[in-house]
Amino acid sequence: MTARLYYTDSYLHDFRARVTDLSEDARTVYLDRTAFYPSSGGQPFDTGSIGGVAVLDVVDEEARIAHRLAGPLTEGEVECAVNWNRRFDHMQQHTGQHLLSAVFEEMFALHTVSFHLGADSATIDLQGDLRGDLEGGAMEPRTVLAAERRANEIVFENRPVTMHFEDAGAAQGLRKASEREGTLRIVAIDGLDRSACGGTHVRSTGEIGLILLRKLEKIRQSVRVEFVCGGRAARRARADYEGLNKVAQLFSASLDDTPAMVAAQLETARTNEKARRKLEMDLAAYQGKELYQATEPGPDGVRRVSRRVASGNRGGSLEELRAIAQSFTAQPRAIFTAALSDPPSVLLAASADAGIDAGKLLKAALAEAGGRGGGNARIAQGSLPEAAMLERVLEKLG
C-alpha cells in the first residue's frame, strides 16, 4: 500500500521514498509513499521527477499509486520532486471550484454535477431550477455576475481551508452526499462548504486568488461554467487586455469607447449589406427583363435561356442566377436553365404558362443521374455527384 502524503500536506513537493516495485521495463514505479497526486475527481495528475527521471503519468490503482516514467529506474531510495508550479495551479483551481460550487448552491440552489480541470481553464456543470435561475439549461447573466462577485468576496475574506478525516457514517453537512464507506477526507471552507474530496487544496481562500467566470455553454439540461483562478486569471486578464487594446488601436479609440464604436460599425455594415442586396435584386430584375426581351420565342412560343457557369467563385453562383431566373420567368411563356460545374448543380425555372412543372421535371432528371434536389412548379434546383453528369441532365430538361 502506498502512503499518500498529499492527503495531509498539499504543499509537500520534495520528499524521499523507497521503490517497492517495478514493471518489467522498469518504467512504471511503485513507492512506499508518494506526494504525487494521481488523476482523480476531475483533477489531473502531478508531474515532476523520481530519481531524476521525469514523471509522465500518475495512476491510482486503489491500494497503490503507479508512476509512469520517461525512462527506467532501479530499486532503492530515491529523491522525488513534484512540479510545484503545476501543483499549486491545480490547488488554486480545485479550491476555487469548491468555493464556486458552494456559492452557486447557496445563492441559487444550483448543484455541481461534474468538474473538469483542463490545461487552460476549468469547468463545472450545474443543474437545478429551484429558483428559476437555470431554465432549461440557460443561465441568466445576473446569476453569473452575482456568483462571481460573492466568490471573490469570500476570497478577499481569506477564510481558512481545512482538511481532516471523518467516518462516513458520522459525516454531517456535506454539500454532496458521499457514496464511499469508511473514512472520508473532508475539505472545508470556513462557514461555507464541507465536501468529501481527495484532491490538493490551498490553506485559505486568499490563496485561490481572483476568480473569473468566463464562458457559459448549454449541455443538455445542464449549464457548463468555465472559470479561471489565481495565476490563470491574471494571465487571462492580461491576454484579454492585450487583445482588446489592439482592437481599440484599430479604431483609434480608448478601451471604454471601443464597444460603442464597434457596434456602430456593425450597424453600418448591416445597413450597407441590406442596400447591396436590394441593388442586386434590382439589377437581377432588370437583367431578367432585358434577357427576356432579347430572347426569341421558339416554335412553341416559349422563350428559353440556358446559362453555364464554370465555378461559383467566378461569373456568379446559382443563388445569383436564381434572381435573374425569377425575373425572366415572371414574364409569359419562359423557361430558364442554369448549370454550375463547381460544385455540379442545376437550376430550372419556368413561368406559370410554360407547360412544365419545374420541380417534378428537375427531380426526375437528377435522380436518373444520381443527383438529388427539388422545388416547386415554378423554380427548382439540385446537385450532382460529378460535373460529367451535367450534360445528361440538361438534355433531359430540353
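**Cores, sheets and pocket of the predicted model**

The largest nonpolar core comprises 34 residues. Within this core, L99, F104, I211 and L213 have the most contacts. The model is a predicted one. Two or more core residues come from each of α1 (84-108), β9, β10, α2 (141-156), β14 (183-189), β16 and β17. Helix α1 gives the largest share, seven residues. In soluble globular proteins, nonpolar side chains tend to be buried together.

The surroundings of F104 were examined next. With neighbours within four places in sequence set aside, F104 is in contact with A109, L110, I124, L126, M139, T143, A147 and L213. L213 is itself among the residues with the most contacts inside the largest core. A second core, separate from the largest, holds 21 residues. F15, V19, V29 and V53 are included in this second core.

Several elements that feed the largest core also form a sheet. Four strands make up an open sheet in the order β9-β10-β17-β16. Their pairing is antiparallel. Strands β9 (111-117) and β16 (211-219) lie at the edges, and each pairs on one side only. From one strand to the next, the twist averages 25°. Helix α3 (residues 230-250) packs on this sheet and touches β9, β10, β16 and β17. The direction of α3 makes about 90° with that of β17.

Inside the four-stranded sheet, β10 (residues 122-127) and β17 (residues 222-229) run antiparallel. Five bridges join these two strands. A122 stands opposite F227 in β17. In a regular strand, side chains alternate between the two faces of the sheet.

Edge strand β16 contains E217. The relative accessible area of E217 is 37%, and E217 is therefore partly exposed; the limits for this class are 20% and 50%. Residues up to four places away in sequence are not counted in the contacts of E217, which are S222, V223 and R224. D240 lies 23 residues from E217 along the chain. The C-alpha atoms of E217 and D240 are separated by 20 Å.

A three-stranded open sheet has the order β13-β14-β15. Here too the pairing is antiparallel. Its edge strands are β13 (161-167) and β15, each of which pairs on one side only. The twist averages 30° from one strand to the next. Helix α1 packs on this sheet and touches β13, β14 and β15. The direction of α1 makes about 75° with that of β14. Strands β13 and β14 pair over seven bridges in the antiparallel sense. H164 has I186 of β14 as its bridge partner.

Attention then turned to the largest pocket. The volume of this pocket is about 1,000 Å³. Its lining consists of 31 residues. G41, R180, A196, C197 and G198 are the closest of these to the pocket centre. At least two lining residues are supplied by each of α1, β9, β14 and β15 (193-196). Strand β9 gives the most, with four residues. Both α1 and β9 also give two or more residues to the largest core.

Further along the chain, helix α5 (residues 318-328) was considered. The buried residues of α5 are L318, L321, A323, I324, A325, S327 and F328. These buried residues pack against one helix, α4 (258-294). They also pack against strands β18 (303-309), β19 (334-340), β20 (345-350) and β22 (379-383). An α-helix has 3.6 residues a turn, so residues three or four places apart point the same way.

Strand β22, one of the elements packed against by α5, has two pairings to report. Strands β20 and β22 run antiparallel and are joined by five bridges. S345 stands opposite S383 in β22. Strand β21 (residues 372-375) also pairs with β22 in the antiparallel sense, over four bridges. The bridge partner of R372 in β22 is S383. S383 thus appears opposite S345 and as the partner of R372. A hairpin of three residues joins β21 to β22.

Technical notes
Residues are numbered from 1 along each chain as its sequence is written. This is a predicted model: local features need pLDDT of at least 70, side-chain atom pairs count only at pLDDT 80 or more; totals for chains, interfaces and linings use all residues. Side-chain values use heavy atoms; hydrogens and water are left out. Two strands pair if DSSP finds at least two bridges between them. Axes are lines fitted to C-alpha atoms, for helices over the stretch in contact, and angles run from 0 to 180 degrees between N-to-C directions. Contact means heavy atoms within 4.5 Å. A nonpolar core is a set of buried Ala, Val, Leu, Ile, Met, Phe, Trp, Tyr and Cys residues joined through side-chain atoms within 4.5 Å. Buried means under 20% relative accessible area, exposed over 50%, partly exposed in between (1.4 Å probe, protein chains only). On a 1 Å grid over the protein atoms alone, a cavity is a set of points where a 1.4 Å probe fits but cannot get out, and a pocket is an open set with protein on both sides within 12 Å along at least five of seven lines; lining residues have an atom within 4 Å of a point. Grid points are joined across faces, edges and corners, and a volume is the space filled by probe spheres set on the points.
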